[in-house]
Amino acid sequence: MYRIITLLQMVVQARWDTDSVFLTLPHIESHMIYLFSQLQASCVPELIHNLEGKYEKLAAVLRSELDEQEIEDVWSVLNRMPLLEARLTVQNQPIPRNSRRLADKDWIAVKTGSQVSINVNLRRLNRPGREGTKVYAPKYPKPKDEGWLLVVGEVESRELLALKRVGSVLRGTKQSLVISPTKPGRHIYTLYVMSDGYLGIDQQYDIPLQVEGDEGEIFYSDEEEMPELRPVRGVEASTQEQQEYNITANHVTYSDWNDDDNAASWE
């Protein structure tokens, strides 16, 4: 799924995802990429943050390669690109921003098989420009509105757990996704906030859950073989029972999940 969304971004921007994200800006060519290192920026959100809203800070670096009108075009596109901040809560408990230093209190206890609601509060950090929420995509054949996809998955098991499409965010919006963990233990699920029109502005947030099973329940991992269905007290299992077992045993897991190191995350 991650790859499919990335493919959508590439189609809209007419760029490979392996290209520098700065090539999506107008008039910027490959031999000019070095200029952005002077602004200590490796991605578009970082560039916008480092400019601090100062046109001259950008112009002073780009004047060696671009004329003034071209620099103004770059500035205009940077101002219209959407920047979102996501705040997550699970069972009214905020999710820590830095999941690499988790304390015991940061793990959220849930029950196996229960429906866990992940509440996502999206807030736009910059105002839409005069173009509104139209994506800057000069090679796309028609105007396109901004859109977002919220994806929840577990990288370790490569499972896709939830997916939701969100339209343009003018100021803020509240969304909710529901997952149902089935395996006991500590699991880190990942929420991806992905643009459907821009490359290089995706974000990811880790969600640490302590999944607790009910006492006496038996859970089987994907590697374990489930026991064979046997007749009870010498009576052959009914056709309906056998069908129910087959449906349970032949469960489907998603295998196309990808942990992309290029997904951007910034504070």
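## A five-stranded mixed sheet and its surroundings

Five strands form an open sheet with mixed pairing, in the order β3-β9-β8-β5-β6. Because β3 (108-111) and β6 (159-166) each have a single partner strand, they stand at the edges, and one side of each is left without a neighbour in the sheet. On average, neighbouring strands of this sheet are turned by 30° against each other, direction ignored. The model described here is a predicted one.

At the β3 edge, the pairing with strand β9 (residues 203-212) is parallel and runs over four bridges. Within this pairing, Ala 109 has Gln 210 of β9 as its bridge partner. Helix α1 packs on the sheet, where it touches β5 (148-154) and β8 (185-195). The direction of α1 makes about 15° with that of β8.

The chain as a whole contains five helices and nine strands. Read from the N terminus, its elements follow the order α-α-α-α-β-β-β-β-β-β-β-β-β-α. Of the 267 residues in the chain, 41% are buried. Among contacts with a separation of 6 or more, 66% are between residues 24 or more positions apart. The chain exposes about 15800 Å², of which carbon and sulfur atoms supply 48%.

Strand β1 (residues 84-90) includes Glu 85. This residue has a relative accessible area of 15% and is therefore buried, the cut-off being under 20%. The side chain of Glu 85 is joined to that of Arg 87 by a polar contact of 3.5 Å. Apart from its neighbours within four places in sequence, Glu 85 is in contact with Asn 121, Leu 122, Arg 123, Leu 125 and Gln 203.

Two residues of the loop that links α1 and α2 deserve a note on backbone geometry. His 27 lies in the loop between α1 (2-13) and α2 (44-51), and Gln 40 is also placed between α1 and α2. His 27 is not a glycine, yet its phi is positive; Gln 40, likewise not a glycine, has a positive phi as well. The table sets out their values.

| Residue | Phi | Relative accessibility | Class |
|---|---|---|---|
| His 27 | about 70° | 33% | partly exposed |
| Gln 40 | about 55° | 64% | exposed |

The class of Gln 40 follows from its relative accessibility of 64%, because exposed means over 50%. His 27, at 33%, counts as partly exposed because its value falls between the cut-offs of 20% and 50%.

How values were computed
Residues numbered from 1 in each chain as written. Predicted model: local features only at pLDDT ≥ 70, side-chain atom pairs only at ≥ 80, totals over all residues. Heavy atoms only, no water. Buried < 20%, exposed > 50% of the residue type's maximum accessible area, 1.4 Å probe, protein only. Contact = heavy atoms within 4.5 Å. Areas by Shrake-Rupley, 256 points an atom, 1.4 Å probe, with all protein chains shown as cover. Polar contact = N/O pair within 3.5 Å; in protein donor to acceptor, adjacent residues only side chain to side chain. Pairing = 2+ DSSP bridges. Axes fitted to C-alpha atoms, helices over the stretch in contact; angles between N-to-C directions.
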